[in-house]
Structures are given as C-alpha cells and as structure tokens.
Amino acid sequence: MSQNQTTLSELPVFTGGEWKRPKTERWSNVYNPSTGEVIARVPMCGAAQVDEAVAAARAAFPSWSNTPPPKRTAVLFKYRALIETHFEELAKLVTRENGKTLDEARGDVRRGFEVVEFACGIAHLQKGESLPQVAENIDAVTMREPLGVCAGITPFNFPAMVAMWMFPIAIACGNTFVLKPSEKVPLTAIRLAELLREAGLPDGVFNLVHGGAEVVDAICKHPHIAAVSFIGSSRVAQHVYSLGCAHGKRVQAGGGAKNMMIVMPDADPDPTIRGIMGAAFGCAGQRCMAGSILLGLGAAADPLQRRMLDAMNALKVANTDADPKAEMGPVIDEAARNRVRNYIEKGVGEGAKLLRDGREGMPERGFFVGPTLFDCAELRMSIAHDEIFGPLLTMIRPKTIEEAIACANRSPYGNGATIFTSSGKWARQFSREIQCGMVGVNVGVPAPMALFPFSGWNQSFFGDLHVQGTEGVQFYTRQKIVLSRWDSEYRRQMGW
Ligand code: NAD
C-alpha cells in the first residue's frame, strides 16, 4: 500500500517500513464525534501483529543504535520540517477524529512538534560524563545507551501530542519503536508514521499496530520489548505498569486526574475567568490537566459563580469539523456522552446545586454535551472525586486557603492544581503545600512544555521517570560506566 493511508476506510498496520493488511478479522469503527458518522475502520489486532512489529523493530535495532546521533537527528530535523509543512493538515485530522476545535488541535500538534525539536538536540542530551584519574591511573566514563525495542500506548484525547511525547525521544536515543495509538483516533498516528517514512527513517525503526486491551497485553508481555510508555486512565495505567514490570520491562504509565482550581478573593477577575473556562471546557473537558473542581474562597464565590455562568452561556458549542467559530466540540463517543449525562444525574441526586445543565439544547447529531456547572458540592459526592472527563465543573466553597488546600490534597490523583491570586504569600503557601506534580499560579492548565517532565504524582502516574525533558531521555537509555587503566606499569606487567 502507498499514498495517503488515512484516506482508506480499512486502516493498515505499518511494520518493517511497509503498510500491510492487518492479521485480524476483527474491526472497530472510528467516528467523527461532531457528526457521529463512521469515518474509518480500525483493526483490533492481537499478539501475532505485535510479534511481527517487534521482529521488524528488533531487526532494525543494531544498525539504528549504531548510527551516529547527528545522523539520527538528521532524520528528525527533516521530520520537524515535514510536520511544519503539514501542520494544518494534521490539525484538521485531529479535529476530525477527536472532535476538539481546530485551534485546540493546532495546540495538540504544536506540543508534539516541540518534543521533536527537543529530540533534535539528542547529541547533546545523550552525552555521558567522564572523570580522568578517578583512582590511581584509572579513568571513568559513563555512556547512555539505548534500551532496544520500546513501545508506546496512547489515549484518545491528544492524538498527536501524546504519541510525540514518546517516539521522537525514543528513536533519537537509538531505540526502535512500536506505537499502539488509541483505537478511537488512529488516523493522526498513521499520518505521523507516513511523515516519518518520508523523512527517511530506516525501515523497522518505527512500527504501528492497532487495537485495544488484547494488543496492549501482548505488548506488556512480549519478551523482546524493553520498555513501555503508557498514557491513559489510571485503571489501565496501573494494569500496564504491573503487567509490564512483571515481565521485566521498564514502564512509565501516566493515568487520570481530578484537578483543582482555587480562586482567592483577590484574584484578577477577567484573566481568572478566561483561565478557568479554558481549563474546564477546553477540549470539552477531556484533558488530563482539565480543571474540574473550582474552589471559590469566601467572598470570591458568588461573583465567580455569576461570571462563570455568563461565560458558559456565551460559549459556542458546535460541529468543530464544519464550523470554524466553534469554541467547544463534542466528547469522543456516545459512551463518553452518556457517562457525563449520568454524572449530572448523580450530582443532582447527591444534593449539589445544578446551575447549568449541559444535557439541554445540544445538537441531535454527534456526541455533544454542553458546559455544566454544579455549585455547593461536597468532597464526598462522586462529581467531586471521580474523573468524569467531560465538560462538567463542580464548585465547592471552602472558607480558608488551608481548607482549600486540604480539600485538593484529599484527591487520590496528583496531576495538576492551580491558584488564582494576586498575593505572593498565598501563591507560595499553595505551591509548597499542594500535593501534586504540576502547579499553576494564575495559569489555568499548568502543562509543562517539551523541555520539562510531565510530572504526575500518586494515582496519576506509575513509574519513576516521566515523559518529556531529561527524564524522557533517561527513560529511553541506560547507563554504562567504563573504568579504564592504560598506565605504563600495567603495560609492563602485561609484557606489551
Ligand atoms: P484508556 O485508559 O481507556 O485507554 C488508553 C489506552 O489503553 C488505549 O490505547 C486503549 O486501547 C488501551 N486500553 C483500554 N482499555 C484497556 C484494557 N482494559 N487493557 C489494556 N489496554 C487498554 O484512556 P482513554 O479513554 O483513551 O484516555 C483518557 C484517559 O487518559 C483519562 O483518564 C485521562 O486523564 C488520561 N490521560 C492522562 C494523561 C497523563 O499524562 N497522565 C494524558 C492524557 C490522558
């Protein structure tokens, strides 16, 4: 097969540099969430497909890992240029299969693009250390070597960015790679693979398989995969972490989240509302860094509630594929829409005040649910502690900053939390006492860029080394230390 694979309705796999018909008869639908139409059929592969992909990746490893870093990055520099050339096309593809707005899709591609740029610097990032004369006549040198075949398993919500958190750094370090994108959004991954091939990546260095639980388990158990990067829900992250580790792999597994936003009475109103709106309803609330709990303190709460309702009523929810003015799109599928609707019902049942009901006034076609606001909620309610992953914002009214921080720290997750304030004292107290890995001060979505690790804690991350930044490089390499002795006494003893 050749040409643009994303135009085919029955999607291929990519192994050993070739597009192939998958080894399965089981297929699943890929939808355009804005219309509910089926736009492609994705193969639900099994262990045999993983075997084929891993065999291709293993065969490519000796030559690729031995290729000098500047030659490896020459491919990544070309890839960077190709992504720039195809930027709008990639963003449109993300919108089409994921449903986020075109602007959000551009952000998705841009954040991935930045990781490619970071990986272009691998010749510097992968350097080891040295210390001559570490002991009498002994010199020490460390080397960072690639691991072998690495695999990546990604969620539906960032079809471009999350895949690019993984493979650019992995292959830049000299590994070969097998990617398994979410079966809900396989098209962007296929296009990213086509562009890698066009950039001149040797056959087998990057491979692509599709499917769900079966193929994921086969990856976690495969004897010739050295490391697994996973991003998705906490339940599956924990499963992948346990299974991968039990089979001797290095695993990094990002999970779900429930992120809190504290608004102090001295917060600057306009940027605060803009920050909260973006965090709660950007990508229809389907971000692991989405702000889903709003903690309005004391006098801040009433005006905050009024201004939020005004902003939510003004938000244009529409078909993102057809309407460039859409400000919020649908959720990914019917199950996701039903889950949000069920939580609205649960919230009412649990006694929270429903101030705006996203079940009302939505288009018939597509998987839409509008921005929803609950007030006067309590932490014991399911809407306050479960990850709902949709445009549902729950407001709680703590009396003091200590109460607000304690409330945030009771979450079992640990991705992000934000404070909106004009006070350095409160900002500092919050930054020091909050128990999560990514902290925002007047920043709605404190998601770090490619140079820094994506630092989830607790149930939001299983493993030791996160994706992105120098932790990403450490994850995809292992250290070797060489101690050398070449002094004249040694040579004499050896009779040289
Ligand atoms: P998901 O866990 O349902 O799926 C993620 C991946 O796991 C997919 O590739 C899927 O095919 C596979 N999978 C699903 N069920 C499986 C099972 N039982 N066994 C093995 N594999 C399985 O997640 P999703 O719905 O695609 O994505 C949304 C989730 O991802 C949210 O919880 C969100 O918070 C999280 N997320 C986390 C981060 C982060 O950095 N921590 C980033 C983005 C998304």
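Domain bounds here come from an automatic or database domain assignment. With that in mind, welcome to the tour; the structure in your viewer is a predicted model.

**Stop 1: the two domains**

Start by colouring the protein chain in two parts. Domain 1 takes in 5-255 + 464-482, and domain 2 covers 259-441. If you place a marker at the C-alpha centre of each domain, the two markers lie 31 Å apart.

Now look at where the domains meet. Here 18 residues of domain 1 are in contact with 19 residues of domain 2. On the domain 1 side, select strand S3 (27-32), helix H3 (87-98) and helix H4 (102-119), each of which supplies at least two residues to the side that touches domain 2. Which of these gives the largest share? It is H3, with three residues. Colour that side of domain 1 by class and you will find four nonpolar, 10 polar and four charged residues.

**Stop 2: the ligand**

Next, centre the view on the ligand. Its surroundings consist of 30 residues, and the closest are Pro155, Gly232, Gly254, Gly256 and Cys288. Show those five as sticks before you add the rest of the shell.

Where does the ligand sit relative to the two domains? Both domain 1 and domain 2 give residues to the shell, so the ligand lies between them.

Two helices are worth highlighting here: helix H8 (213-221) and helix H9 (234-246) each supply at least two residues of the shell around the ligand. H8 gives the most, with three residues. Colouring by class again, the shell has 13 nonpolar, 13 polar and four charged residues.

**Stop 3: a pair of strands in domain 2**

Select strand S12 (residues 259-263) together with S13; they pair in the parallel sense over five bridges. S13 spans residues 291-296. To follow the pairing, pick Met260 in S12 and look across to its bridge partner in S13, Ile293. Then move along to Val263, whose bridge partner in S13 is Gly296.

Are these strands covered or open? S12 is mostly covered, with five of its five residues buried, and S13 is mostly covered as well, with six of its six residues buried. Turn on the side chains of S12 to see two directions: Asn259, Met261 and Val263 point one way, while Met260 and Ile262 point the other way, and all are buried.

**Stop 4: Ala151 in strand S7**

Go back to domain 1 and select Ala151, which is found in strand S7 (residues 149-153). Why does Ala151 count as buried? There are 32 other C-beta atoms within 10 Å of its own, and 20 or more are enough for a residue to be called buried.

To see its surroundings, leave aside the neighbours within four places in sequence: Ala151 is then in contact with Val178, Lys180, Ile219, Ile225 and Val228. For a distance to draw yourself, join the C-alpha atoms of Ala151 and Leu208; these residues are 57 apart in sequence and 9.6 Å apart in space.

**Stop 5: helix H6**

Select residues 161-172 to bring up helix H6. At 1.5 Å a residue, its 12 residues should span 16 Å, and the end C-alpha atoms are 17 Å apart, which agrees.

H6 is mostly covered, and 12 of its 12 residues are buried. Among them are Met161, Trp165, Phe167 and Pro168. After the helix comes Gly174, where phi is positive, near 105 degrees.

**Stop 6: two residues with positive phi**

Most residues other than glycine have a negative phi. The last two picks do not follow that pattern.

Select Gln133 in strand S5 (residues 130-135). Gln133 is not a glycine, yet its phi is positive, about 60 degrees. Is Gln133 buried or exposed? It is exposed, with 9 other C-beta atoms within 10 Å.

Finish at Asn458, in the loop between strand S18 (438-441) and strand S19 (461-462). Asn458 is not a glycine either, and its phi is positive at about 50 degrees. With 18 C-beta neighbours inside 10 Å, Asn458 counts as partly exposed.

Note on methods. Residues are numbered from 1 along each chain as its sequence is written. This is a predicted model: local features need pLDDT of at least 70, side-chain atom pairs count only at pLDDT 80 or more; totals for chains, interfaces and linings use all residues. Helices (H or I, at least four residues) and strands (E, at least two) are DSSP runs, numbered from the N terminus. The expected span of a helix is 1.5 Å times one less than its number of residues. A residue is near a molecule or strand if its C-beta atom, placed from the backbone, lies within 6 Å of it. Ala, Val, Leu, Ile, Met, Phe, Trp, Tyr, Cys and Pro count as nonpolar, Asp, Glu, Lys and Arg as charged, and the others, Gly among them, as polar. Two residues are in contact if their C-beta atoms, placed from the backbone, lie within 7 Å. Two strands pair if DSSP finds at least two bridges between them.
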